[in-house]
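Colleague: I am just starting to read protein structures, and I would like a close look at one part of this one. Could you take me through it slowly, one link at a time?

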Amino acid sequence: AGGVHQMRVSLLGGDGYVRILQCRVLLDVPDQIEEFEDVAVPAEGVRLALVRSYRSVRQVLLTVQDDGGDGSSARTIDKSISPGPLVQVLDATGTPVAGTIDARVRGVRGAAA
């Protein structure tokens, strides 16, 4: 999306001209990773404030800390790039509770298209 890219196409074969009628190019760059430590999560959840520019968020890994509360697991509600992924801590019955997490966000580099 946006920008100009130059490419060279080399073909082996006979003498003469070749006409390319259609070409699809896929550019892939490594995902970027952002980590968050000791994030306080209220029962209603919290959005992770992304610092880097993402085209999309592929994965949000959450680890619940043993902070003396009832939190036993965590879930990702959505993977929004703006204002950031929404996460929640859950108790053993699946009820949202306050807790503390560490998070790792993996996503595609670049601004949203």
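Modeller: Happy to! Let us begin with one pair of facing residues: Ser 56 stands opposite Val 108 in β7. Keep in mind that you are looking at a predicted model. That pair belongs to a longer match, since β3 and strand β7 (residues 99–109) pair in the antiparallel sense over 9 bridges. In general, strands of a sheet pair through backbone hydrogen bonds, and they may do so in a parallel or an antiparallel way.

Now step back to the sheet around this pair. It is an open sheet of 3 strands, antiparallel in its pairing, with the order β1-β7-β3. The edges are taken by β1 (32–41) and β3 (54–64); each has a single partner strand, so one side of each lacks a neighbour in the sheet. From one strand to the next, the twist averages 25 degrees.

Next, pick out Glu 34, which is found in strand β1. Is its charge matched by a salt bridge or left without one? Glu 34 is buried but has no salt bridge. The nearest side chain of opposite charge is Arg 52, 5.0 Å away, and a salt bridge needs the atoms within 4 Å. Still, the side chain of Glu 34 does have a polar contact of 2.8 Å with the side chain of Tyr 54. Leaving aside residues up to four places away in sequence, Glu 34 also touches others, including Leu 50, Ala 103 and Val 105.

Where, then, are the salt bridges? The whole structure has 4 of them. In one, the side chains of Asp 31 and Arg 58 meet at 3.3 Å, N to O. This pair links distant parts of the chain, with Asp 31 in the segment before β1 and Arg 58 in strand β3, 27 residues apart. Both ends are partly exposed: Asp 31 has a relative accessible area of 22%, and Arg 58 has one of 43%.

Asp 31 also forms a salt bridge with Arg 106, at 2.4 Å from N to O. Because Asp 31 lies in the segment before β1 and Arg 106 in strand β7, this pair ties together parts 75 residues apart in sequence. Arg 106 counts as partly exposed too, at 29% relative accessibility.

Another salt bridge joins Arg 47 and Asp 78, whose closest N and O atoms are 2.9 Å apart. Here the link runs from strand β2 (residues 46–47) to strand β4 (residues 73–78), spanning 31 residues. Arg 47 is partly exposed at 33%, as is Asp 78 at 23%. Looking back over these pairs, shared partners join Asp 31, Arg 58 and Arg 106 into one network.

Asp 78 leads us to one more strand, because its bridge partner in β5 is Leu 86. In all, 5 bridges join β4 to β5, and the two run antiparallel. On β2, Val 46 has Val 87 of β5 as its bridge partner. Strand β5 (residues 86–90) is mostly covered, with 5 of its 5 residues buried. Leu 86, Gln 88 and Leu 90 point one way, while Val 87 and Val 89 point the other way. That fits a general pattern: in a regular strand, side chains alternate between the two faces of the sheet. Finally, Leu 90 stands opposite Pro 96 in β6. The hairpin of β5 and β6 has 5 residues between the strands, and there Gly 94 takes a positive phi near 90 degrees.

Notes: Residues numbered from 1 in each chain as written. Predicted model: local features only at pLDDT ≥ 70, side-chain atom pairs only at ≥ 80, totals over all residues. Heavy atoms only, no water. Helix = DSSP H or I, 4+ residues; strand = E, 2+ residues; numbered from the N terminus. Axes fitted to C-alpha atoms, helices over the stretch in contact; angles between N-to-C directions. Buried < 20%, exposed > 50% of the residue type's maximum accessible area, 1.4 Å probe, protein only. Lys, Arg positive; Asp, Glu negative; His and termini not counted. Polar contact = N/O pair within 3.5 Å; in protein donor to acceptor, adjacent residues only side chain to side chain. Contact = heavy atoms within 4.5 Å.
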